[in-house]
Structures are given as C-alpha cells and as structure tokens.
Amino acid sequence: MWNLKLRGERASILADALLSVPTSPYQQRSLEAALGLFLDLKTKKALHRAHTVSASALSRLLNVYEWDTSACWATLVQAQWDALLRAARRKHHPRLRLCVDLTSIPKTGRELPFVRVYHEVYGIHLVVLYAVYGDLKFPVGYRVYRGKGTPSPVRLALELLATVPAEVSRRFDVWVLADSGFESSAFLQGVRDLGFEFVVGVRSTRRTDHPGHVTVEDCEHGSWVNLANWPWDTLTLARIHRGERTFFSVASQLLPGDEVAREGARRWAIESFFKEAKHSFGLNRFALRTAQGLDRWVLLVFAAFTLSMLCRADTLSLEQAAEVAARVALPLLVVQRLAVQVWREEEFLRQHGYSLTLSRCKT
C-alpha cells in the first residue's frame, strides 16, 4: 500500500477542501467543530458536546445554512476514489470489492425525515455502497429508502453502482458483494450490465432451471447452476455452514466453491462498517428534523470515517486512527481543545504553586 505519511497528507488536504466549502468564516468554524466532534470516538455524538462552538450554531449549520453540501460530497467521494487508484498503482489486475447493503437506524420520533417501517424496524433505512481494496475501506455513497411506492433497495443499490467512475471500472477488476436481500434477477442483470462480477447470497428456496422443482438447497457445493428466473449466466454455487444454519451464494464466474465462499465472506466488511458507523461515529445518534440535516449528518460520519481510514496503520485501533486524523487534519481545533482543558485546571495548579502561561512559538 502507498506510503502512510502520504495518506496523512491526503487526509489533511481532504479536510482543508471540505472546510473551504462554506463561504462564511463562521460556518467554516462550525463545520470544523462538527468534524472534530465526529472524529472524537470517545464522545457521544450530540451537538452540545462539540468544542469551540455552541449546539445552536451546529444546529443552524446542519439544518438551516445554505452551504454547498453537494460540493462537499463531490470532494469526499473524489478523494476516496483517488486514494483507491493510488493504492493500486503498478498492481496487476487489482480487485476492488464493492459491498452493497441496507442498514436500518431505529428511531422513535415521528418528526424525523424518512422514517418508515421496513422489515419490522421503524426508523431510517439507508442503502450504502462500501469500497474495499486492501486496507483501504470507504463508504462511497448512500441512498435513503423511502418506503412503498418509491425506488426499491435493489434499484437504489444499482443507482449507487452506476456512480462508480469509468476510470475505476477500467483500472480494477470490480466485484460486487451483497446478501440475499439483493438476489433479484433485476439486480444480477443490472450488475452484469455495468460490466461487474458478483457474489450474491441467495435463499435456499431459490429455484434453478433443472427439470422439476429443484432449488439451490438441492445442489452441491461448487456446482454450476442456472437460476430459473435469470438463466442468462451459468453461476457457481457455494454452501456456507454456520452452526446449524446453511447459507448459499452464487458467483458470476465459474470458480471453486470454496473460493466463492471466501469471496462472499468478504461482504462482512460492510457489516463491520455499519457497527463502527453507528456506535463509534454516531450514525445512530441522528436526531435532526430535516432531510438536509440527515444528509449533512451522514456526510460528517462518512468524512470522519474516511479520514480515520487514511490515517490508520496496522498497529492502530480505529479510535487511535481517528485521534491521529484529528491531529493531522484539524490541528488548530486540537490545540484549542487542549488549551481549554488546561485552563479549566488553572485554579488547581495555582493552589499547588504553579502559574500557567500559553504562548505561540515564533517560526
């Protein structure tokens, strides 16, 4: 993988580019404080916990002010694809895995945007595209599932896959990984139309085109099958045993069954991201009442996660990587935090015979 120092520099450049989008210095300070909050994995994500700005200032930043969120998204996603392309330089046939899945954020309020009941969960439902190459892993896009009568999760996933830049498609051997929620013939055909390979989970009751009522459960591990309602490609079937349950997946290439199973297991990378995004980066803490607020909240989660990934070494936990990212990308904010913490203890230090003076070094 490309040099970690260079990745840190890229993190700094990305943060500067994001913070330059709002035209007002006041909004820039608020965005810096918000990004710092999302990079602080030890703190629960609530607006009043941000340093240097008030909760009301952050609320206005996320819900009211008309700064160009789409420009921030474009900057973030371009930086992610650039990082992946740089990591793959001089590699022969590098394989990029694009995981797609839907995650639900349970909510109880009725004034939040896009809350729906889906699979017995009342909340906000996001379809996410997650790119994985080596140790680089980025959430590169999302769509909100808005319920019955709107584009299905399958359609939203295909929309996300269609946003993959042509340069990325040419440079990488792209594989799409998904669970059985995306086993429909429309999804499989859509992935093939985009020129990608796939490993997708299927239900045990999924029928094949063998004579009689033959399902994938009746087929052997590693066998070649054609699905009854999508007979265009011959697929390889894998059986995965986990405890008392057996799962099935199919691959668009004719590979050994064990290789299909290993490739399909890589889909769990997106499940790991969902866990970290919700419990560490605050995705499940969303409580704003506007659609714009939701989009900007997700932007901050994705941006903080991306900065952490850029600064993460093999020896660092995600929490440590986020701390490094904050120091690399938001040094002035970190200095302000430290100064505030020190000044809070000024009286204690005085009681024990110490005086405190902070001054900036001349360079």
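**Helix α7 and the nonpolar core**

In the predicted model, G195 lies just after α7 and adopts a positive phi of about 85 degrees. The helix itself spans residues 185-193, and its buried residues are F187, L188, G190 and V191. Viewed down the axis of α7, these buried residues fall within an arc of 165 degrees, so they line one face of the helix. An α-helix has 3.6 residues a turn, so residues three or four places apart point the same way.

The buried residues of α7 pack against both strands and a helix. The strands are β1 (95-106), β5 (173-178), β6 (197-202), β7 (224-227) and β8 (230-242), and the helix is α5 (153-161). For F187, contacts beyond its neighbours within four places in sequence are made with V100, V154, A157, L158, L161, V176, A178, F182 and V200.

The largest nonpolar core comprises 126 residues, of which F187 and L161 touch the most other members. The greatest contribution to this core comes from helix α10 (residues 291-310), which supplies 13 residues. L161 and F187 are also in contact with each other.

Zero disulfides are present in the structure. A disulfide requires cysteine sulfur atoms within 2.5 Å. For C72, the closest cysteine sulfur is that of C311, at 18 Å, which is too far for a bond. C72 is buried, with a relative accessibility of 1%. C219 is likewise buried, at a relative accessible area of 9%.

Conventions. Residues are numbered from 1 along each chain as its sequence is written. This is a predicted model: local features need pLDDT of at least 70, side-chain atom pairs count only at pLDDT 80 or more; totals for chains, interfaces and linings use all residues. Side-chain values use heavy atoms; hydrogens and water are left out. Buried means under 20% relative accessible area, exposed over 50%, partly exposed in between (1.4 Å probe, protein chains only). Helices (H or I, at least four residues) and strands (E, at least two) are DSSP runs, numbered from the N terminus. The arc is that of the directions from the helix axis to the C-beta atoms. Contact means heavy atoms within 4.5 Å. A nonpolar core is a set of buried Ala, Val, Leu, Ile, Met, Phe, Trp, Tyr and Cys residues joined through side-chain atoms within 4.5 Å.
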